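Subject: Structure handover

Hello,

Here is the structure I promised to pass on. Please open it first, then read my notes below.

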Amino acid sequence: MRKKDLCDLCGGELEHKSVDLELHIKKKLLICEGLPAEVCKQCGEKYFDAKVSAKIDEFIKEYQKEKPLRYIPVPVFSGDVVLE
Ligand SMILES: [Zn+2]
C-alpha cells in the first residue's frame with residue numbers, strides 16, 4: 001500500500017481534485033469528465049480510490065450502453081512527424 005497523501009512516483013503531495021480520465025479501449029479513445037481523484041502537485045499523476053477504480057473497470061466493460069455527452073475531434077499524428 002502506498003503511503004497516504006504522497007505520490008508513488010515522486011513523493012509529491014497529493015490534492016483532491018476533479019479530473020478528466022482518458023481511457024484507451026481497443027484503439028478507441030474515451031474521455032470521462034469530472035472524476036474524483038488525488039492528483040500529485042508535482043508530477044500530475046492521478047490516483048483513484050478503490051471504489052472509483054472499481055467503477056471505472058465496470059464502466060470500461062459496459063460503456064457502450066451509455067450515451068456520450070459529446071464527441072470531440074482528436075488529431076492524430078504520424079510518429080515520423082514526432083521524430084523529425
Ligand atoms: Zn508525483
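Start with Glu22: its place is opposite Ile31 in β2. Keep in mind that this is a predicted model. β1 and β2 pair over 11 bridges, in the antiparallel sense.

The wider sheet is open and has three strands. Their order is β1-β2-β3, with antiparallel pairing. Which strands sit at the edges? They are β1 (14-25) and β3 (46-47), and each of them pairs on one side only.

Next, the loop between β1 and β2. Lys26 lies there, and so does Lys27. Lys26 has a positive phi, near 45 degrees, and is not a glycine. Lys27 is not a glycine either, yet its phi is positive too, at about 70 degrees. Buried or exposed, what is Lys26? Lys26 is exposed, because its relative accessible area of 82% is over the 50% cut-off. Lys27 also counts as exposed, at 89% relative accessibility.

Now the inside. The largest nonpolar core has 12 residues in all. Among them are Val19, Leu21, Leu30, Cys32, Val52, Ile56 and Tyr63. β1, β2 and α1 (50-62) each supply at least two residues of this core. β2 gives the most, with five residues.

Tyr63 turns up again in an aromatic pair. How many such pairs are there? The count comes to one. Phe59 and Tyr63 form that pair, and it is tilted. The centres are 6.3 Å apart, with 50 degrees between the planes. The two partners differ in burial class. Tyr63 counts as buried, because its relative accessibility of 13% is under the 20% cut-off. Phe59 is partly exposed, because its relative accessible area of 28% falls between the 20% and 50% limits.

Last, the largest pocket. About 690 Å³ of space lies in it. It is lined by 18 residues, and Leu30, Ile31, Pro68, Leu69 and Arg70 are the closest to its centre. Ile31 is the residue from the start of these notes, opposite Glu22. Leu30 also belongs to the largest nonpolar core. Which strand gives the most to the pocket lining? Strand β2 (residues 28-40) does, with six residues. By class, the lining has 11 nonpolar, six charged and one polar residue.

So β2 is the strand to look at again: it gives the most to the core, and the most to the lining of the largest pocket.

Best wishes

Methods
Residues numbered from 1 in each chain as written. Predicted model: local features only at pLDDT ≥ 70, side-chain atom pairs only at ≥ 80, totals over all residues. Heavy atoms only, no water. 1 Å grid on protein atoms, 1.4 Å probe; cavity = no way out; pocket = protein on both sides within 12 Å on 5 of 7 lines; lining within 4 Å. Points joined across faces, edges and corners; volume = space filled by probe spheres on them. Helix = DSSP H or I, 4+ residues; strand = E, 2+ residues; numbered from the N terminus. Nonpolar A, V, L, I, M, F, W, Y, C, P; charged D, E, K, R; others polar. Phe/Tyr/Trp six-rings, centres within 6.5 Å; stacked < 30°, edge-to-face > 60°. Buried < 20%, exposed > 50% of the residue type's maximum accessible area, 1.4 Å probe, protein only. Pairing = 2+ DSSP bridges. Core = buried A, V, L, I, M, F, W, Y, C linked by side-chain atoms within 4.5 Å.
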